Amino acid sequence: MVSVRKSHQMSVTSFEQWLASLDISPGKCQSLESLWAQNQHLFEDRVECEAKSLEMVEILAPLNLDSDSLCAAFLTPLLQYHYIDMTYVEENFDKQILVLCQGVEQMEAIKTLQQNPSNKNLVNNISANQVDNIRKMLLAMVDDVRAVVIKLAERLCNLRLVKDADEETRVLTAKESANIYAPLANRLGIGQLKWELEDISFRYLHPKVYKKIAKQLDETRLEREQYMLDFVTNLSVQLKDLKITGTVYGRPKHIYSIWKKMQQKGLDFEQLFDVRAVRIIVDELQDCYGALGVVHTSWQHLHNEFDDYVATPKANGYQSIHTVVIGPEGKSVEIQIRTEQMHDDAEMGVAAHWRYKEGSTGAKGSDKKSGFDEKVNWLKKILQWQEDVSDSGELIDELRSQVFEDRIYVFTPNGDVIDLPVGATPLDFAYYIHSNVGHCCIGAKVFGKIVPFTHQLQTGDQVEVLTTKTANPSRDWLNPNLNYLHTARARAKVQHFFKLLDRDKHIAQGKQLLDSELNKLKLDKVDLNTTSIRFNVKTVDDLYAAIGSGNARLQQVINYLQQQDDKFKPVEDLDPQSLVKKTSVATSASDSSGITVSGVGNLLTHIAKCCHPVPGDEIMGFITQGRGISVHRLDCDQLSNALNQQPEREVEVQWGQQNQKSYQVKIQIIAMDRQGLFRDISTIISNEKVSIVGMESHTYTSKQTMAMSITLEISDSDILSKLISKLLQLEDVGEVRRL
């Protein structure tokens, strides 16, 4: 059975006596004494909080953590019970302690990883804030892994505290520990915490099975202890005879591991090989294999139960030789052989080689490099941990794809962690750092080697951006087919740069275009200030710039100005007879397509399918053979080709004066692929009272973009222009054009 530590409360013993029992360095003792003297009043009449603080330090002390970590652990329960806040920590303690406390607090987001079977809809619709919190948690874990170890200790304390709570609380806490924290402790190689998290969780989740195995272990305890004593004595003598220095002892068996092996191999308790277990700790690596030779020479071993994790370590760095032999009386005994260093690694994991030890020294360059290597190592372990959690079946697939599978974690030269989407390039990285860094970027290095701008970054890459003093982005960066930029954030910053750069040129172009049209139409008394408001710009210069850049269509502005001008024109007195005459002529000259052929009536016409003109477009007719006159947009390429070959077939046509017909037109939308995009597009089309006749779409997964072709039914070009303008305002929509 697993051994459980017992907390000491100040009512039982003095703080000094408790501190002396921890067996830690004088420097750490002094830091904890100072913290207690300063904050003792906060624990008055708060027994549970005090017990948790003391117990967390007891758990972490053997793991070789530094003074800052022990102090942060001591303060964590005060923060969790809201007896103090981060402002208090910031004002009274060093920055390192504050950072650790913040890291532990950020790891609360880990609870979102716990699936709640009773509420499927809730867990399958994780909010953006929750996903963002989990990403921050991952970055905090990589940035300072000490926070992870403190959090594991806090969860272990919490697991013990709910022993007498109601069953629902115990079960939920146990599931969280077994599915999330125990795999994390395993990935970080902290066996000392992993086994206890697993055993206590197992006791809460399967109390009957736990008690049954515990009883079976207890029933054979006296007999097993005598057997193990004789076996250990015999083995120790043999090692001593061969001058192999080491320690041999029976190791405790964990109930969860016994049950897990019974489940995996379909064995009963009596059939297990490792109920009797021995561990051999030697000084040198070669002694591991010397001891193995002694064991296999003295007793017959089972070939299927031999594993050499020294030659091939586990993913979390665990090293040891495992073997099972048939000992005296035909009873099986499991034996583990390892060095002292391997033993420390197995028990303390990441803390076994802690780089935050007090008084550490070394050359600045080597310290900096080793610190970076260490962070990459932590990152790999943590990203592997999510695979363990997903294998347990308790991780939400949607969350996993949002947080892990579509993200990469890369480093700056200083070791800071940057979170980017998969497919991000060095330019995306540069624009994430700062807009000016991206604008001035002229190259990039990954691990010191020059890479092209289109290089796709991978998790763990160290990226250095090469810059010049002047901003000089290229318009090619905006071309999605060239793969320079992957993130919408970077693309928006480049677009904004060119928008500001070209503003003066666009103002001049827009003013020239608008003045020219106004002169043609003799609209010299128009109010451009009110027109600016209509097109969602603040000033007349903004209106000119919008026209010059194409963000506002010139024809739309002209149509609006004509409407405003018509409101103030006096109504002419017309002869009723002439009005009737004009109307009848216009009506007779218009066919079923709403087209008037100059000088001729009642001719067969049809709308060309190559360009789909609609009322408001400038049009031209082409006399076909046997199908009447086909009506094209003036800028139609097919019309131009046809007239080059047969110019005599050209005929002038106009839109009818009383046209109520609907026309089909096709538009194409290029956008970043996201959930809800089709809903947003269809909503805008519906609000504009436009009917959708057909639709085709294609998604480019590698670029995370999509192209959508929509066939619409509209009555004139003004409606189409207004619709395109509104679609362009949608988030993630990059281009809308008429086909």
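Which residues of β2 lie on one side and which on the other, and are they buried or exposed? In this predicted model, Ala-277, Arg-279 and Ile-281 are found on one face of the strand and Val-278, Ile-280 and Val-282 on the opposite face, and all of these residues are buried, so that both faces of β2 are covered. Strand β2 spans residues 277–282, and because six of its six residues are buried, the strand is largely enclosed by the rest of the structure.

The pairing of β2 involves strands on either side of it in sequence order, beginning with strand β1 (residues 246–250), which runs antiparallel to β2 and is joined to it by five bridges. Within this pairing, Gly-250 has Val-278 of β2 as its bridge partner. Strand β6 (residues 332–339), by contrast, is parallel to β2, and six bridges connect the two; here Val-282 is matched with Thr-339 of β6. Both senses of pairing are general options, since strands of a sheet pair through backbone hydrogen bonds in either a parallel or an antiparallel arrangement.

Following β2, Asp-283 is placed in the loop that leads from this strand to helix α15 (285–298). With a relative accessibility of 48%, Asp-283 counts as partly exposed, whereas the residues of β2 itself are buried. When residues up to four places away in sequence are set aside, Asp-283 touches Thr-245 and Thr-339. The C-alpha atoms of Asp-283 and Glu-340 are 6.3 Å apart, although 57 residues separate the two in sequence.

These local features belong to a protein chain that contains 29 helices and 21 strands. The chain has 739 residues, of which 47% count as buried. Among contacts between residues at least 6 apart in sequence, 69% join residues at least 24 apart. The chain exposes about 38,800 Å², and carbon and sulfur atoms supply 48% of that area.

Side-chain charge pairs were examined next, and the count of salt bridges comes to twelve. In general, side chains of opposite charge can pair when their charged atoms come close. One of the salt bridges is formed by Glu-154 and Lys-52, whose closest N and O atoms are 2.8 Å apart. Because Glu-154 belongs to helix α9 (residues 146–161) and Lys-52 to helix α3 (residues 47–60), this pair ties together parts of the chain that are 102 residues apart in sequence, and both of its members are buried. A salt bridge also links Glu-55 with Arg-160, with 2.0 Å between the closest N and O atoms; since Glu-55 lies in helix α3 and Arg-160 in helix α9, parts that are 105 residues apart in sequence are tied together by this pair. Glu-55, at 7% relative accessibility, counts as buried, and Arg-160 is likewise buried, its relative accessible area being 11%.

A further salt bridge is made by the side chains of Arg-146 and Asp-66, at 2.7 Å from N to O. Arg-146 is in helix α9 and Asp-66 in the loop between α3 and α4 (67–80), and the pair thus links distant parts of the chain, 80 residues apart. Arg-146 is buried with a relative accessible area of 1%, and Asp-66, at 6% relative accessibility, also counts as buried. In addition, Lys-52, Lys-151, Glu-154, Arg-155 and Glu-176 are joined into one network by salt bridges that share partners.

Elsewhere, an open sheet is formed by three strands in the order β10-β9-β11, with antiparallel pairing. The edges of this sheet are occupied by β10 (449–451) and β11 (463–467), and because each has a single partner strand, one side of each is left without a neighbour in the sheet. Neighbouring strands of the sheet are turned against each other by 40° on average, direction ignored. Strand β9 (residues 441–446) is antiparallel to β10 and is joined to it by three bridges, and Ala-444 stands opposite Val-451 of β10.

At the surface, Phe-678, Ile-692 and Met-695 form a nonpolar patch, and together these residues have about 250 Å² of accessible area. Phe-678 is located in helix α28 (residues 677–687) and is partly exposed, with a relative accessible area of 43%.

Conventions:
Residues are numbered from 1 along each chain as its sequence is written. This is a predicted model: local features need pLDDT of at least 70, side-chain atom pairs count only at pLDDT 80 or more; totals for chains, interfaces and linings use all residues. Side-chain values use heavy atoms; hydrogens and water are left out. Helices (H or I, at least four residues) and strands (E, at least two) are DSSP runs, numbered from the N terminus. Buried means under 20% relative accessible area, exposed over 50%, partly exposed in between (1.4 Å probe, protein chains only). Contact means heavy atoms within 4.5 Å. Accessible areas come from the Shrake-Rupley method with a 1.4 Å probe; for residues, only the protein chains shown count as cover. Two strands pair if DSSP finds at least two bridges between them. Axes are lines fitted to C-alpha atoms, for helices over the stretch in contact, and angles run from 0 to 180 degrees between N-to-C directions. A salt bridge is a side-chain nitrogen of Lys or Arg within 4 Å of a carboxyl oxygen of Asp or Glu. Patches are made of residues with over 30% relative accessible area and no salt bridge: like charges are joined within 9 Å, nonpolar side chains (Val, Leu, Ile, Met, Phe, Trp, Tyr) within 5 Å.
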